[in-house]
Structures are given as C-alpha cells and as structure tokens.
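Open the model in your viewer and keep the selection box handy. We will go from one stop to the next, and each stop says what to pick and what you will find there.

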Amino acid sequence: MATSPTRPADEPADLATHLMDQAMGHLFSAALRTAAHYRIADRLTAGPRTPEQLAAATDTHAPHLRRVLRYLAARGIFREDTAGAYQLTPAARQLRTDVPDSLHPAVMMLTDDLFLRTSAGLTEAVRHGGASFERLFGAPLFAHLESDPAGRTLFDDGTASLAAPVDDAVAVAYPFPETGTVVDVGGGRGGLLRAVLGRHPQLTGVLFDLAPPLAHHLLGADELKGRWRTQEGDFFTSVPEGGDLYVLKHVLHDWPDDACRRILRGCRTAMAPGRRLLVVDCVLPPGNAPHFGKTMDIAMLTVFDGRERNADEFAALLAAADFRLTRVLPTPSFASIVEAVAD
C-alpha cells in the first residue's frame, strides 16, 4: 500500500491559500506605501490611536484606513489592541521619519511607480534578457535620473535609508585599521564612511562618487572635521589613488560581470600591492534557504541588469582583476563583507 509523502515542516497546510496570498503580494507593498505616505507611524509615537483619529489627522477615509491597518497588523506592521486602536510594533517604528534608523525613505523608493512598473516588466526581461527599466524608460536608471531631479532625490534618499543598517553593521563587524585612509568608491552620501570614521578616530577618508549624492553627503559631524574629503568622479574612468583600504558597498550588484571587471580593474590600478579591498554586498547561500539577497537579486535583474552573487562568483570576478579573495565575513545585516587583497 502506498504511503503519502511527509509534508515538510515549513510547508503551509493550505497550499492554495498560501499561493494566492503570495500572488497578491503587490497589495502588501501598496498598503505599506499607503501607511508610509500618510506617515501613520509618526502619528502613533505618543500612543495608540483609533482609525477615526488617524483619519481625522490625515484627511483620509476612516473605514478604508481601518481595513489597510488591519491588513498590515496581520503582517506585524502595527498592532490592534482590544479597544480597536492601533499602536506601533518594532517594524512599524522604522517607518517613523524622526528616528535615526528610519526606513521611511527606503519604503517610499521601493514602492514608487518607478520601480513597480519595472518589476511588472519581469516577464519580458526573462524573455529577452537585460533590465526591465531600460526597456520601459528608454535609458538605464542612472542615465534616466540625470533628467529626473525628483527621481534622483527619491533614489538617493531611499538608498541612503536602505544602506544605513548595513553601514553600522559593517563598521562593527570588520577590523578596520586604526590609521590610514579609507577610499569609499561609489559611496553615495557617505553613510558607511561616516560610521567607520566615527569608530576609528585616527582614520581619514575619501568619499568618491558622482556630484548629486556628494552634494548631500553625511560627513559634516564635528567629530569628523578635517578627516575626510569628497572627490567627484566616475569609477568606470578612474579611482582615487593612495588609499590604504578601498570599499565598494552596494556597487557591484548594480552591474553585470563585464562592467564589474572594469570597476575592479580601476580599483586595482589605484591600489598598491597588498592593499585590501572590501566588497559589501549580499553573498548568496547555497540551497533553498530564504535570504534577502535572493529578493534583491530579482530587483537587480529588473532595474539594473545587475545581480547578487555567491562566494565563488565573487572570487572569479576578483581574480580577473588581480585580486585574491581572502575571506567572507557575515554581518548582522543582510550584506556580507568580501575581503580581497591586491596581488
């Protein structure tokens, strides 16, 4: 007599409902954006409030707002109490705009129509290859943002917010030298450099990127005065020379392999033998285990024609540019630190 296979422990009992819930995941993004747009988390800072009170404060429709909040509460964003009022959860706290680790800009970026349309183009991206974004908007993302100031601000604000937990995690997890110069290549507004210099008062730094992010850098704190400089440039052309440690954080995952090799060769040209390079990106684990990097990989596919990589893929990229991968260090965030030495 045949026996029924044992259901895996992590498999939902009702597979049909589970699959349909996953298929409607775009509604969660829309609900999360709605809460962020109306800054519901900010309005719960002083304590629980009813949907009617929140609706009055946001000029919204109370019955609809209640239903959105109920849906979000079922997924750990907000919590309804026995009186029917809603309160903050740890996840909802990060939607506040007045906390240092706010993810509000990241949520607003990731749920913007600019990226929702791009994600909807995944079917065609898989058919033809290349990024959905360029097919839909007629230019790669960074070229498009040159003519879209509002989009550029949305992107820079959002990426800085998304990167903030990674910046602190990397600054803590990696044994940075006590002295020398750190060159943050494609470092955006400089959140990582700020975190590293803040923990190592004898280090100096160079923040290297295009003009728009540099114009809003985060290095103005008094304790960092005199220990950093910005340098405008394109890492496909050249990279500042003379650094003791180079960093590429969330840079390589934006690009296909041939472009990454160009970036890495530019870094290698600027570096003396024996100097170290840190690549901060997701490092994909083997097997079927969930990992945020696997979500990010699909985002990179649609937006940039980039990708997340595993350790072997990083080793091959680095070797092609005369670097030797020495170790991969996990951090408390979703990103890992890939350390390499210039041969």
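Is phenylalanine 235 buried or exposed? Select it in this predicted model and look for the loop between E5 and E6, which is where phenylalanine 235 sits. Phenylalanine 235 counts as buried because its relative accessible area is 14%, and the cut-off for buried is under 20%.

Now show what surrounds this side chain. Beyond its neighbours within four places in sequence, phenylalanine 235 is in contact with Val185, Gly186, Phe208, Val251, Trp255 and Ile263. Take valine 185 from that group and draw a C-alpha to C-alpha distance: phenylalanine 235 and valine 185 are 7.2 Å apart in space, with their positions 50 residues apart in sequence.

**Zoom out**

Switch to a cartoon of the whole protein. You should find 16 helices and nine strands. Along the principal axes, the C-alpha atoms fill a box of roughly 65 × 65 × 40 Å. What radius of gyration does the protein have? The value is 22 Å, which agrees with the figure near 20 Å that a compact globule of 343 residues would have. Colour by burial next: buried residues make up 43% of the 343 residues. If you build a contact map, take the contacts between residues at least 6 apart in sequence; 61% of them join residues at least 24 apart.

**The largest nonpolar core**

Select Leu141 and Phe176. Among the 36 residues of the largest nonpolar core, these two touch the most other members. Elements that give two or more residues to this core include the helices H7 (113–120), H10 (141–146) and H11 (149–173), along with the strands E4 (203–209), E6 (245–249) and E7 (276–281). Helix H12 (191–199) is also on that list, and H12 gives the most, with five residues.

Stay on phenylalanine 176 and show its contacts. Setting aside residues up to four places away in sequence, phenylalanine 176 touches Val170, Ala171, Val196, His200, Leu203, Leu245 and Leu278. There is also a second, separate core, of 27 residues, and Val183, Tyr246, Leu264 and Met271 are among its members.

**Helix H12 and its neighbour H11**

Select H12 by itself. Which of its residues are buried? They are Gly191, Leu192, Leu193, Ala195, Val196 and Leu197. Bring back the surroundings, and you will see that the cover over these buried residues includes H11, strand E3 (180–185), E4, strand E5 (228–232) and E6.

Add H11 and look at how the pair packs. The axes of H11 and H12 come within 8 Å and cross at roughly 35°, and the crossing is right-handed. On the H11 side, the contact is made by Asp167, Asp168, Val170, Ala171 and Val172; on the H12 side, by Gly191, Leu192, Ala195, Val196 and Arg199. Sorted by class, this contact has six nonpolar, one polar and three charged residues.

**Another helix pair: H3 and H4**

Move to residues 51–58 and 62–73, which are helices H3 and H4. Their axes are 9 Å apart, and the packing angle is about 115°. This crossing is right-handed. To see the contact, show Pro51, Glu52, Leu54, Ala55 and Thr58 of H3, which meet Ala62, Leu65, Arg66 and Leu69 of H4. Here the classes come to six nonpolar, one polar and two charged residues.

**The loop between H15 and H16**

Select arginine 307, in the loop between H15 and H16. Arginine 307 counts as partly exposed because its relative accessibility is 31%. Leaving aside neighbours within four places in sequence, arginine 307 is in contact with Leu252, His253, Trp255, Asp257, Asp297, Met300 and Glu313. For a distance to check, pick glycine 293: its C-alpha atom and that of arginine 307 are separated by 9.4 Å, and the two residues are 14 apart along the chain.

Aspartate 305 is found in the loop between H15 and H16 (311–320) as well. Check its backbone: phi is near 65°, a positive value in a residue other than glycine. Aspartate 305 is partly exposed, with a relative accessible area of 34%.

**Last stop**

Finish at aspartate 322, in the loop between H16 and strand E8 (323–330). Aspartate 322 has a positive phi of about 65° although it is not a glycine. Its relative accessible area of 49% makes aspartate 322 partly exposed.

How values were computed: Residues are numbered from 1 along each chain as its sequence is written. This is a predicted model: local features need pLDDT of at least 70, side-chain atom pairs count only at pLDDT 80 or more; totals for chains, interfaces and linings use all residues. Side-chain values use heavy atoms; hydrogens and water are left out. Axes are lines fitted to C-alpha atoms, for helices over the stretch in contact, and angles run from 0 to 180 degrees between N-to-C directions. Helices (H or I, at least four residues) and strands (E, at least two) are DSSP runs, numbered from the N terminus. A crossing is left-handed if the near helix is turned anticlockwise from the far one by less than a right angle, and right-handed if clockwise. Contact means heavy atoms within 4.5 Å. Ala, Val, Leu, Ile, Met, Phe, Trp, Tyr, Cys and Pro count as nonpolar, Asp, Glu, Lys and Arg as charged, and the others, Gly among them, as polar. A nonpolar core is a set of buried Ala, Val, Leu, Ile, Met, Phe, Trp, Tyr and Cys residues joined through side-chain atoms within 4.5 Å. Buried means under 20% relative accessible area, exposed over 50%, partly exposed in between (1.4 Å probe, protein chains only). The radius of gyration is taken over C-alpha atoms; the globule rule is 2.2 Å times the number of residues to the power 0.38.
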